[in-house]
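Thanks, everyone. I would like to walk through one protein chain with you this morning, starting from a single residue and working outwards.

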Amino acid sequence: MLTLDDAPPRVTAARRRPRAVVIGSGFGGLAAAVRLGARGYRVSVLERLDQPGGRARVHRQDGFTFDAGPTIVTAPFLFEELWALCGRRLADDVTLVPMHPFYRIRFDDGATFAMCGEAAAMRTEVERLSPGEAPAYDRFMALSDELCRVGFEQLGAVPFGRLADMLRIAPDLLRIGGHRSVYGLVSSVFRDERLRTAFSFHPLLIGGSPFRASALYCLIAALERRWGVHSALGGTGALVRGLVSLIEGQGGEVRCGAEVERILVRDGTARGVALADGTEIAADVVVSNADSAVTALRLLPPEARGRRERRLAKAQSSMGLFVWYFGTRRRYPDLAHHTILLGPRYRGLLDDIFGAKVLAEDMSLYLHRPTATDPSVAPPGHDAFYVLAPVPNLAGGQDWAALAEPYRRRIAARLEATVLPGLSDALVTSRVTTPRDFADDFLAFRGSGFGLEPILTQSAYFRPHNRSGAVRHLYLVGAGTHPGAGLPGVLSSSKILDRVVPDAAVFA
């Protein structure tokens, strides 16, 4: 016998709010749920893991709290919008602390460069590293501001469902150099190779190579300067918990341990989902926050896949990630919250990762020390760390079961020789995540860390659309759809739903 919750939408529409099912509880999925709930939908978020957050889940171990995924919060107004939709204030639930500097870059020769949002301080820092190049910083930021205005402020929350949408912005992109690579644009402005590196590495934060990603992604520098770089007290997990609270306050639910096996499609329309345990949940609309390739190639039945969906099997995936979470019995007070440790090679290492897909002997690292800002995430007198190394995705064929521990030891040796003296003796807790874990835990296609690689031919119209062209009432959010990875990107993808998902009244 059908219950009110399980009955097909057409049977019960007059007696209930229309139902939306969201597959996955990453930031894109949680934000989509809040926006749909604010528009009158009754939302169920289905998460296959034992906690919400997706890549933003939390590891708790030996008294330490580790953010598993995102650590940098930019464009916090996108979170504030979600709280405002529920009549609440972000600041009442989550404390965001601005970072100064945003991050400190350490070059292989030991030289450092501090990135911040103050123009005068940045000119001084540029001049210190390369005398005479301060004016180049102003020229670069003028370009970045224009790219941010066009690429983020004007188009970041706009759907690109038609080729005409892409053609409309093509003149602006060409005018400001969007057809070039990030490194190509940066190197046309700066002479010093270290400055070229410092101002071009940003695509790595969203899974791309500076030598392959469109110069459009130079907008990140302006985005950071305008809205700042922040850290959430209690970790990024505090934002996940806050979003879950918003959803539940709207009458929605976040159900963990609920693995979606397939999307139910009848007559070319998404009608709900089937879980791995055999349960079927009817819905008026389905939103997938799963990997876009997995949505197309695994969750959709073969007969429902269009040409764009089938093409994802041959698309370029972003890099893989090796992440080591560890804690020390001592503190390192001179170390910043965010540090980027560059190896001896820049282009060569990235060619190995994105092109040849080989695991190189050298490495560049992003080191996160949240206890620099929030000592509560570690026991008293201890430090918590998260170090990330870009590595090939699973298309490289690496056997991470055999490689994980030797590679972790190589990272530890690199850190101990540079910024964490005495690390081997101070280590008290440790765990790692490899590209294989990304594939197994998050169902990431090819174990990639950020979905599709952010290259020009996989951006905007050429990226999977937020509204499926093959299945009615199926929508996509998250890193694998437009506009792309990173917190501003995935939150903007949920904002696009306001334009493409029908009003709840349509189903009444």
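Let me begin with Val 294, which counts as buried because its relative accessibility is 4%, and buried here means under 20%. Please keep in mind throughout that this is a predicted model. Val 294 sits in helix 12, which covers residues 292-299, and, if we do not count residues up to four places away in sequence, Val 294 touches Leu 299, Leu 443 and Phe 445. Its C-alpha atom is separated by 9.3 Å from that of Ala 313, a residue 19 places away along the chain.

A second buried residue is Asn 393, which counts as buried because its relative accessibility is 2%. Asn 393 has its place in the loop between strand 18 (383-391) and helix 15 (400-418), and its side chain reaches the backbone nitrogen of Ala 395 at 2.9 Å. Leaving aside neighbours within four places in sequence, Asn 393 is in contact with several residues, including Ser 317, Lys 357, Gln 398 and Arg 446.

Now to the nonpolar cores. The largest of them has 124 residues, and those with the most contacts inside it are Phe 27, Phe 79, Phe 113 and Phe 199. Helix 6 (residues 134-154) contributes the largest share of this core, with 8 residues. Apart from this core lies another, of 25 residues, among them Trp 324, Met 363, Ala 389 and Leu 423.

And which residues does Phe 79 contact, if we leave aside its neighbours within four places in sequence? They are Phe 27, Val 73, Leu 90, Leu 239, Leu 243, Leu 487 and Leu 491.

Let us step back to the domains. The domain assignment gives domain 1 in four pieces, written as 19-58 + 73-91 + 234-315 + 452-507, followed by domain 2 (131-222) and domain 3 (320-442). The C-alpha centres of domain 1 and domain 2 lie 27 Å apart, and 23 residues of domain 1 are in contact with 21 residues of domain 2. The size of an interface is often given as the accessible area lost when the parts come together. Between domain 1 and domain 2 the buried area is about 1,800 Å², with carbon and sulfur atoms giving 67% of it. On the side of domain 1, Pro 454, Leu 456 and Tyr 461 lose the most area to domain 2, together 33% of what that side buries.

This interface has polar features too, since the rule finds 1 salt bridge across it and 6 residue pairs in polar contact. Helix 3 (77-85) and helix 18 (487-500) each supply at least two residues of the side of domain 1 that touches domain 2, and helix 18 gives the largest share of that side, 6 residues.

Finally, the charged pairs. Side chains of opposite charge can pair when their charged atoms come close. A search of the whole structure finds 28 salt bridges, and one of them joins the side chains of Glu 153 and Arg 226 at 2.7 Å, N to O. This pair links distant parts of the chain, with Glu 153 in helix 6 and Arg 226 in helix 10, 73 residues apart. Glu 153 counts as partly exposed, at 41% relative accessibility, whereas Arg 226 counts as exposed, at 52%.

Glu 193 and Arg 196 also meet in a salt bridge, at 3.4 Å, N to O; they are separated by about one helical turn because they are 3 residues apart in helix 9.

Technical notes. Residues are numbered from 1 along each chain as its sequence is written. This is a predicted model: local features need pLDDT of at least 70, side-chain atom pairs count only at pLDDT 80 or more; totals for chains, interfaces and linings use all residues. Side-chain values use heavy atoms; hydrogens and water are left out. A nonpolar core is a set of buried Ala, Val, Leu, Ile, Met, Phe, Trp, Tyr and Cys residues joined through side-chain atoms within 4.5 Å. Buried means under 20% relative accessible area, exposed over 50%, partly exposed in between (1.4 Å probe, protein chains only). Helices (H or I, at least four residues) and strands (E, at least two) are DSSP runs, numbered from the N terminus. Contact means heavy atoms within 4.5 Å. Domain bounds come from an automatic or database domain assignment. Buried area is the accessible area (1.4 Å probe) that two parts lose on being put together, summed over both. A salt bridge is a side-chain nitrogen of Lys or Arg within 4 Å of a carboxyl oxygen of Asp or Glu. A polar contact is a pair of N or O atoms within 3.5 Å; within protein, one must be able to donate a hydrogen and the other to accept it, and residues adjacent in sequence count only if both atoms are side-chain atoms.
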